[in-house]
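Here is a short briefing on one residue and the sheet beside it. Look through the structure first, then read the points below.

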Amino acid sequence: MNKIILTNELLNAALSIAKRAGELLLTFYYQDIDSELKQDNTPVTAADLAASRFLVDELQALTPGVPVLSEESQAIDLSERRHWTQYWLVDPLDGTQQFLQKTDQFSVLVALVQDHQPTLGIVYSPVPRLAFYAMDKFGAYKQQNGVISRLQTCTPSDEVIRIVVGQNVARTQVLACFRDQFEYQLLRYGSSGLKGALVAEGRSDCYIRLGKTGEWDTAAVECILRETGGKIVDLYGEPLTYNRRNTLINPDFIMLGNAAFPWQKVVRFQQHLKPNVEKTV
């Protein structure tokens, strides 16, 4: 299959699909709905499943023949996935727990991955109708209330490093990953996509995740960060991978708002030999 050409028309169409998926989520959000636990002990609701079906159908219609991998359809085996040179990677409801708790801090994540790298990324937060989006060599943008602004690289302060983390992560666990000579300010927030967006727009210097996430949690934000001069690395300082391993589960990682900043002076990147991780493609 020919490689999808990145155009404004493609980005606008994907953004419209993400927004409509968000509106679908809101029809569930203002109701009392039940959740079930998946095999990994994370919650899933009828909202997750409905948004997943919508995204799969709409993206397949937008780009016929291009696979769509959703968090809710992750059982696709690597024997099939390994032949994909491009595919859509989506999380229909990033922040299901926040959705259930009515915190407003949940989002729809849509990414196009080509040759194992995200080349288009969208984070859409339905309640404030707030979108972050980017495309390879196109730039990264924030859109709210009809106002579009370009996201720019932000340099951390020499005095206080701002770290966005999950709601329930212990402060001592987080600070153990950072060197002692800086002062740190922790900001607790909801979905992975929105925490990454806080870094991309300069409201936080970095986001560290210690715990389980999937490739669908990081792909869209990785594209946005790259277009603002940031990056995502694991705690060995190495890039994350997409569709190269049997597992779709990410290692612990840190999103950095300014890749040029000397983060090795701030982060205690692990120096011992990284365990072998099976890469099959």
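**A buried charge**

In this predicted model, Glu-227 is buried (under 20% relative accessible area, 1.4 Å probe, protein chains only). Yet Glu-227 has no salt bridge (a side-chain nitrogen of Lys or Arg within 4 Å of a carboxyl oxygen of Asp or Glu). The nearest side chain of opposite charge, Arg-226, is 4.6 Å away; Lys and Arg count as positive, Asp and Glu as negative, and His and the chain ends are not counted.

**Around Glu-227**

- Glu-227 sits in helix α7, residues 215-227. Helices (H or I, at least four residues) and strands (E, at least two) are DSSP runs, numbered from the N terminus.
- Its side chain reaches the backbone nitrogen of Phe-138 at 3.2 Å.
- Glu-227 touches (heavy atoms within 4.5 Å) several residues more than four places away in sequence, including Met-135, Lys-137 and Gly-139.

**The sheet**

- Seven strands form an open sheet in the order β3-β4-β5-β6-β7-β8-β9, with mixed pairing. Two strands pair if DSSP finds at least two bridges between them.
- β3 (68-70) and β9 (147-150) are the edge strands, and each pairs on one side only.
- β6 (residues 117-125) and β7 (residues 130-135) pair antiparallel over six bridges.
- Tyr-124 stands opposite Ala-131 in β7.

**Helix on sheet**

- α7 packs on the sheet and touches β4, β5, β6, β7 and β8.
- The direction of α7 makes about 100° with that of β6. Axes are lines fitted to C-alpha atoms, for helices over the stretch in contact, and angles run from 0 to 180 degrees between N-to-C directions.

**Ground rules**

- Residues are numbered from 1 along each chain as its sequence is written, and side-chain values use heavy atoms, without hydrogens and water.
- Local features need pLDDT of at least 70, and side-chain atom pairs count only at pLDDT 80 or more, while totals for chains, interfaces and linings use all residues.

Conventions:
Buried < 20%, exposed > 50% of the residue type's maximum accessible area, 1.4 Å probe, protein only. Polar contact = N/O pair within 3.5 Å; in protein donor to acceptor, adjacent residues only side chain to side chain.
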